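Here are my notes on the model you asked me to read, set out as numbered points. Please keep the structure open alongside them.

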Amino acid sequence: MDRYPDILEDILHSDENSDDEWDMLLAETKREEESRSKRRNKHRGSVPGHRIIRRGRVEGHERLYHDYFAPNCVYDAFFRRRFQMGRPLFLRIVNRVEQYDPYFVQTTDAIRNLGLSSLQKVTAAFRILTYGTPADSVDEYVRIGESTAIESLRRFVQAVIAVFGDEYLRPPNNNDIARLLAIGEQRGFPGMLGSIDCMHWKWKNCPTAWQGMYTGHCHEPTIILEAVASQDLWIWHAFFGLPGSLNDINVLERSPVFATLTEGRAPPINYRIKGHDYTMGYYLADGIYPNWSTFVKTIPCPQGLKRKHYAAAQESIRKDVERTFGVLQARFAIVRGPARFWDEETLAYIMKACIIMHNMIIEDEGATNDNDFDGSGENPIVQVSHVHTPEFVDFIQTHHQIRSNASHSQLQSDLIEHLWQRYRQ
């Protein structure tokens with residue numbers, strides 16, 4: 001109104017107000033309001049109609065700190081149950097994530113008000129992961145908005161993968177393989193490296209155009225996780241993202257589970273069973289997997305005591321991967337219930353982050369003897385060669401050895417005799 005005082009004064013003090021003058025006033029007012037609206041949008045200030053909620057972020061942080069992180073906190077006995085891990089491990093994750101991503105560092109706004117702390121953001125992400133609750137359900141306690149909780153979750157899982165992925169989501173190195181082979185020998189399966197299977201994660205918000213591709217035997221859209229696990233429930237291999245319409249064989253054909261073996265980068269494995277030498281480890285698998293030398297399967301209808309004993313032992317030990325899926329879903333309820341995110345990339349980050357933290361919990365609680373990871377490159381980086389070498393012939397030979405039906409049958413026969421001899425002793 002201050003830009004046109006003369007027009008307003010003339011209209012108010014004139015006895016003959018014409019329609020033209022009123023039209024001029026209305027037009028000038030409209031132009032002024034449009035100009036102010038444009039200036040507000042450029043400065044990214046308060047949005048007209050936006051409702052501001054005074055959540056009390058500082059009070060929320062203090063309550064969270066005194067409840068779970070103070071020396072004499074209120075819920076000290078409930079921390080492990082509600083966060084699925086010990087407090088030292090949780091604080092280790094918070095510190096590393098805060099160092100990696102400045103988003104989790106507590107800052108102040110233009111008027112010196114404190115923002116959300118790293119404990120609030122990470123706790124909100126943990127509550128969504130461990131309880132599988134919607135993002136707005138953490139607002140009442142953590143004092144964090146729905147959109148901020150979702151952003152914290154996305155950044156948290158990406159930071160966990162970037163910081164801890166190389167250590168806790170890696171193929172086994174030489175020391176790991178030696179330990180796995182020793183465990184397999186003790187359980188009656190020399191050369192065993194673990195168990196392999198697939199798990200389906202329901203995708204509730206799968207786009208309509210993709211639902212046919214992601215719907216399989218579960219009769220609803222799902223995404224598949226292929227995993228290899230050992231007796232201590234450590235996940236050594238995770239391949240996630242294929243649509244639920246595929247079966248385990250289709251997933252195996254696309255999986256990199258044997259990539260290091262075919263490329264000649266896998267640590268050497270040598271063992272002997274009943275006078276036969278073997279140079280490849282194997283995984284225990286169910287009946288749908290092919291008859292390869294790297295898989296040991298059960299016998300569907302065993303005849304005789306030897307075969308029945310072998311089938312019972314194989315089916316019992318193969319449950320390691322099934323137990324791993326159960327423990328993973330119990331610790332992180334978000335992968336047990338239907339996925340609510342719309343993009344597959346976010347779901348992949350969530351699944352990988354949950355697997356990494358699952359392995360960290362196993363190491364922290366002493367389920368595995370040692371991790372034997374020093375970051376020094378137990379699995380050396382292979383330099384790409386553009387010179388013609390005979391390595392391709394070795395690649396093809398290894399590829400055929402992996403898929404050898406004869407080696408599979410011979411290995412199964414030797415294991416039947418080995419287990420029966422072990423049982424009779």
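**Notes on the predicted model**

1. I begin with a loop residue: Asp 136 is placed in the loop that runs between α6 (118-131) and α7 (139-142). The model is a predicted one, and in it Asp 136 counts as partly exposed because its relative accessibility is 44%, where the class of partly exposed residues lies between the 20% limit for buried and the 50% limit for exposed. Computed along the sequence is one way to place this residue, and space is another: Asp 136 and Ile 150 are 14 residues apart in the chain, while their C-alpha atoms are 8.9 Å apart.2. For the chain as a whole, the secondary structure comes to 17 helices and seven strands. Of the 425 residues in the protein chain, 43% are buried, and the chain exposes about 23400 Å², with carbon and sulfur atoms supplying 50% of that area. Among contacts between residues at least 6 apart in sequence, 69% join residues that are at least 24 apart.

3. Which strands make up the open sheet, and in what order? The sheet has five strands in the order β3-β2-β1-β6-β7, and its pairing is mixed. Its edge strands are β3 (235-243) and β7 (295-296), each of which pairs on one side only. In general, the strands of a sheet pair through backbone hydrogen bonds, and they may do so in either the parallel or the antiparallel sense.

4. Strand β1 (residues 192-202) is mostly covered, with nine of its 11 residues buried. With strand β6 (residues 282-284), β1 runs parallel and is joined by three bridges, and in this pairing Met 192 stands opposite Tyr 282. With strand β2 (residues 222-229), β1 runs antiparallel and is joined by eight bridges. Along β2 the partners can be followed one by one: Ser 195 stands opposite Ala 229, Asp 197 stands opposite Ala 227, and Trp 201 has Ile 223 as its bridge partner.

5. Strand β2 is also mostly covered, since eight of its eight residues are buried. Thr 222, Ile 224, Glu 226 and Val 228 point one way from the strand, whereas Ile 223, Leu 225, Ala 227 and Ala 229 point the other way, and all of them are buried. A reader checking side chains may wish to look at Glu 226, which is one of these buried residues.

6. How does β2 pair with β3, parallel or antiparallel? The two strands pair in the antiparallel sense over seven bridges, and within this pairing the bridge partner of Leu 225 is Phe 240 in β3. Together β2 and β3 form a hairpin with five residues between them, and Leu 233, which lies in the turn, has a positive phi of about 75°.

7. Pro 190 is placed in the loop between α9 and β1. Pro 190 counts as buried because its relative accessibility is 4%, and the limit for that class is under 20%. Leaving aside its neighbours within four places in sequence, Pro 190 is in contact with Gly 184, Glu 185, Tyr 271, Ile 273, Tyr 282, Leu 415 and His 418. Tyr 282, one of these contacts, is also the residue in β6 that stands opposite Met 192. The C-alpha atoms of Pro 190 and Leu 180, which are 10 residues apart along the chain, are separated by 9.6 Å.

8. The last topic is internal space. Rolling a probe the size of a water molecule over the atoms shows where empty space is left. The structure holds one cavity of 30 Å³ or more, and about 80 Å³ of space lies in the largest cavity. Its lining is formed by Leu 180, Ile 183, Arg 187, Met 192, Leu 193, Gly 194, Ser 195, Ala 229, Ser 230, Gln 231 and Asp 320. The elements that give two or more residues to this lining are α9 (174-186) and β1, and the largest share, four residues, comes from β1. By class, the lining has five nonpolar, four polar and two charged residues.

9. The cavity can also be tied back to the sheet. Ser 195 and Ala 229, both among the lining residues, stand opposite each other in the pairing of β1 with β2. Met 192, another residue of the lining, stands opposite Tyr 282 in β6.

Key: Residues are numbered from 1 along each chain as its sequence is written. This is a predicted model: local features need pLDDT of at least 70, side-chain atom pairs count only at pLDDT 80 or more; totals for chains, interfaces and linings use all residues. Side-chain values use heavy atoms; hydrogens and water are left out. Buried means under 20% relative accessible area, exposed over 50%, partly exposed in between (1.4 Å probe, protein chains only). Contact means heavy atoms within 4.5 Å. Accessible areas come from the Shrake-Rupley method with a 1.4 Å probe; for residues, only the protein chains shown count as cover. Two strands pair if DSSP finds at least two bridges between them. On a 1 Å grid over the protein atoms alone, a cavity is a set of points where a 1.4 Å probe fits but cannot get out, and a pocket is an open set with protein on both sides within 12 Å along at least five of seven lines; lining residues have an atom within 4 Å of a point. Grid points are joined across faces, edges and corners, and a volume is the space filled by probe spheres set on the points. Ala, Val, Leu, Ile, Met, Phe, Trp, Tyr, Cys and Pro count as nonpolar, Asp, Glu, Lys and Arg as charged, and the others, Gly among them, as polar.
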